[in-house]
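Colleague: I should like to go through the terms applied to this model one by one. For each, please set the value against the definition and then conclude.

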Amino acid sequence: MSKPKVAFYWCASCGGCEEAVVDLAENILKVVEAVDIVFWPVALDFKRKDIEAMPDKSIAVTFINGAIRLSEQEEMVKLLRKKSQLIVAFGSCAHLGGVPGLANFWDRESIFNRAYKTTPSTHNPEGIVPQEKVTVDGKELTLPKFYNTVFRLDQIIDVDYYLPGCAPPPDLVMNAINAILEGKLPPKGTVLSPNKSLCDDCKRNETKPEKLTIKEIKRPHEIMLDPEKCFLAQGVICMGPATRTGCGERCIEANMPCRGCFGPTDQVIDQGAKFLSVLASIIDVNDEKEIEKVMDTIVDPAGTFYRFSLPSSLMRRKRMPSVADNEK
Amino acid sequence: MSNEKFEPKIVGFLCNWCSYTGADLAGTSRMTYQPNLRIIRVMCSGRVDPQFIFKAFKEGADGVLIAGCHPGDCHYKEGNYKALRRYKLIKKLQSEFGIEDERIRLEWISASEGAKFQEVCNEFTETIRKLGPFNSKKGGKNE
Ligand code: SF4
Ligand code: SF4
Ligand code: FES
């Protein structure tokens, strides 16, 4: 029997998810033994035309990381969808939009303006910004279209499973690969990590007082962080209550609060709104003016509560006059 | 669409013990008020999950009203303070999302304040009418 064909692809991402595959260490050898990798731009020299030449549904599973922000990414994931039996959204950006999704607080023009014109390190006196078409010496050159809005993968194509995390930890990746190889898959649409909150697994949960209340909010660099006490009990924003477990409490173990990269549990639609609700509930201040003072110490609440999930939020992006209906 | 023809859709989350009863009183006292408010009765203003508010906009609301008992009067003691704290934080969040400040409003309306309910309802409807449609598609749907 021929080995199942597997593909990896990357979209708007940082490369960390590729690293996560390499981080499987010796396990990657077992994977390579069991499967036939037909496409993996970061490591192997296969081209788009090689995929186009394959029969539909001939790839057993394709792991796609990164959010969708360019027309080329949209074309590639649509092509891979056609050629694959299963698509796994790999990592926070494909799953939720991730950090690239924070660009949804801006639009194409403001991003180009900043990136190509106004950053202090930019020297661009002619104000050149990327164009979809330019003619150089009589030849036309093209670039993919840069969308106003960043999308998570399942806003563009149908997705079968989600591997959460920035980046997904090796044990979850191996579990997923084994489940696929053995054909022991959960229902379609499952996020492949336990459906409970990070606090449920966090060692610091025991240090949470019965009724958790705080009077002020501190940023991690403003205090000496207690290495054992629950961050929220120290007045430090920790997204644990609104975040799915499964990462092994990586940040907490490094004495840093959770920023929510695993996304919410199945019961929650909007991770940021859920966290807002939790946080507002534990602030033990009732006077209107005093409440405002506390809230003013929360720097960039939207960028904090939606650090990894802005394109998955109910609002999806900032409302801007430049971004009209259905405009990419 | 011209704003004269625009009929705002407003979702109102009213707490069972005070504001909903206040609205009921306005009705039984035959006070007339703008018909734009779609009332959803919740047990307490503290039950209004911020997700409800964003969901309302996503589903086509142009404004959202949260109304509860006056401070100190909540049937569950603290629920309205919780609502107030969420509201203050939502105010910061909504500006980052480009949602005009006036579109989300919190009011304390007691069971005996039928007239206040009438006033809030009319005034809020006019405010939203002037602002125009929310159109969550502008950034909300598939762009
Ligand atoms: S809030 Fe953070 S530190 Fe506290 S129990 Fe939850 S995950 Fe752990
Ligand atoms: S602690 Fe939170 S932010 Fe850190 S890896 Fe886990 S889920 Fe992600
Ligand atoms: S019961 Fe009215 S606000 Fe809590």
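Colleague: Why is A:V38 called buried or exposed, as the case may be?

Modeller: A:V38 has a relative accessible area of 12%. Buried means under 20%, exposed over 50% and partly exposed in between, with a 1.4 Å probe and protein chains only. A:V38 is therefore buried. This residue is found in strand 2 (residues 36-39) of chain A, where strands are DSSP runs of E with at least two residues, helices are runs of H or I with at least four, and both are numbered from the N terminus. A:V38 and A:F8 lie 30 residues apart in sequence, and their C-alpha atoms are 8.4 Å apart in space.

Colleague: On what basis do these values rest, and how are residues and ligands labelled?

Modeller: This is a predicted model, in which local features need pLDDT of at least 70 and side-chain atom pairs count only at pLDDT 80 or more, whereas totals for chains, interfaces and linings use all residues. Side-chain values use heavy atoms, with hydrogens and water left out; residues are numbered from 1 along each chain as its sequence is written, and chains are lettered from A and ligands numbered from 1 in the order in which they are written.

Colleague: What makes A:R317 count as buried or exposed?

Modeller: The relative accessibility of A:R317 is 0%, so A:R317 counts as buried. Its place is in the segment after helix 12 (301-305) of chain A.

Colleague: Which backbone oxygen does the side chain of A:R317 reach at 2.6 Å, and how do you know that this is a polar contact?

Modeller: The partner is the backbone oxygen of A:W106. A polar contact is a pair of N or O atoms within 3.5 Å; within protein, one must be able to donate a hydrogen and the other to accept it, and residues adjacent in sequence count only if both atoms are side-chain atoms. At 2.6 Å, the pair with A:W106 therefore falls within the cut-off. A polar atom of the A:R317 side chain also lies 3.0 Å from the backbone oxygen of A:N148.

Colleague: Why is B:R105 called buried or exposed, and with which side chains does it make polar contacts?

Modeller: B:R105 has a relative accessible area of 15%, so the residue is buried. B:R105 belongs to strand 4 (residues 104-108) of chain B. Its side chain makes polar contacts with the side chain of B:E107 at 3.0 Å and with that of B:E123 at 3.0 Å.

Colleague: How many cavities of 30 Å³ or more does the structure hold, and what makes a space a cavity?

Modeller: There are two. On a 1 Å grid over the protein atoms alone, a cavity is a set of points where a 1.4 Å probe fits but cannot get out, and a pocket is an open set with protein on both sides within 12 Å along at least five of seven lines; lining residues have an atom within 4 Å of a point. Grid points are joined across faces, edges and corners, and a volume is the space filled by probe spheres set on the points. The largest cavity has a volume of about 100 Å³. Among its 13 lining residues, A:C199, A:C202, A:C230, A:F231 and A:C238 are the closest to its centre. The space taken by ligand 1 is this largest cavity, a molecule being placed in a cavity if more than half of its atoms lie within 2 Å of its grid points.

Colleague: What is known of the second largest cavity?

Modeller: About 70 Å³ of space lies in the second largest cavity. Helix 2 (50-58) and helix 3 (79-96) of chain B are the elements that give two or more residues to its lining. The largest share, four residues, comes from helix 3 of chain B.

Colleague: What makes the phi of A:D137 notable, and is A:D137 buried or exposed?

Modeller: Most residues other than glycine have a negative phi, and most peptide bonds are trans. Phi of A:D137 is near 50 degrees, a positive value in a residue other than glycine. With a relative accessible area of 75%, A:D137 is exposed. It lies in the loop between strand 6 (133-136) and strand 7 (139-142) of chain A.

Colleague: Which residues does a cis peptide bond join?

Modeller: The cis bond joins A:C166 and A:A167, with omega about -5 degrees. A:A167 is placed in the loop between strand 9 (161-163) and helix 7 (170-181) of chain A.
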